[in-house]
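Reader: Before we turn to details, could you take me through the helices and the charged side chains, step by step?

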Amino acid sequence: MANHGSEHKLEMIRRAVSAEITRLKDPRLESGLINILKITVSHDGSNCKIFVSSLEGIEKTTEAAEILTSASGHIRKNIGKSLKFKYIPNLIFIPSDAIEYGIKMSQRIDELLASDNNRSL
């Protein structure tokens, strides 16, 4: 289980990365919002996995993760300046379809509730 200090550090990294993503001037990222779902840091602190998702589906999320991975050195350098940590881990962006999956599950639940209400009448 993570202690309070490491959770606080992860939250600081999440906020800094999120701010840097909004500052990127890549037109391919401007079409939709990129959400950071989860951040994990390896045991030795050398790598930071950042799980990202987009409302536009897994294809756009995968493309966004590739763009962010190519810009990870720039993002890492800038968050290093703002956070003043002794060491900033390598940033690895991983696409996730969690938001898309959640929307589909919510729609499916709504459909089931509607069909259940129709049966009750």
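Author: Glu 11 and Arg 14 are a suitable place to begin in this predicted model, since both residues lie in helix H1 (residues 4-23), three residues apart, about one turn of the helix.

Reader: Which residues are linked with Glu 11 in a network of salt bridges?

Author: Glu 11 forms a salt bridge with Arg 14, the closest N and O atoms being 2.7 Å apart, and another with Arg 15, where the closest N and O atoms are 3.0 Å apart. Arg 15 lies four residues from Glu 11 in helix H1, about one turn of the helix. An α-helix has 3.6 residues a turn, so residues three or four places apart point the same way. The residues linked with Glu 11 in the network are therefore Arg 14 and Arg 15.

Reader: In the salt bridge of Arg 23 and Glu 20, is Glu 20 buried or exposed?

Author: The two side chains meet at 2.7 Å, N to O, and Arg 23 and Glu 20, three residues apart in helix H1, are separated by about one helical turn. Arg 23 is exposed, with a relative accessible area of 51%. Because a residue counts as buried under 20% relative accessible area, Glu 20, with a relative accessibility of 8%, is buried.

Reader: Within what arc do the buried residues of H2 fall?

Author: Thr 61, Ala 64, Ala 65, Ile 67 and Leu 68 are buried in H2. Seen down the axis of H2, these buried residues line one face of the helix, because they fall within an arc of 165°.

Reader: Which exposed residues does the face of H2 turned away from its buried side carry?

Author: Helix H2 covers residues 58-70. On the face turned away from its buried side, the exposed residues are Glu 59, Glu 66 and Ser 70.

Key
Residues numbered from 1 in each chain as written. Predicted model: local features only at pLDDT ≥ 70, side-chain atom pairs only at ≥ 80, totals over all residues. Heavy atoms only, no water. Helix = DSSP H or I, 4+ residues; strand = E, 2+ residues; numbered from the N terminus. Expected span 1.5 Å × (residues − 1). Buried < 20%, exposed > 50% of the residue type's maximum accessible area, 1.4 Å probe, protein only. Arc of directions from axis to C-beta. Salt bridge = Lys/Arg side-chain N within 4 Å of Asp/Glu carboxyl O.
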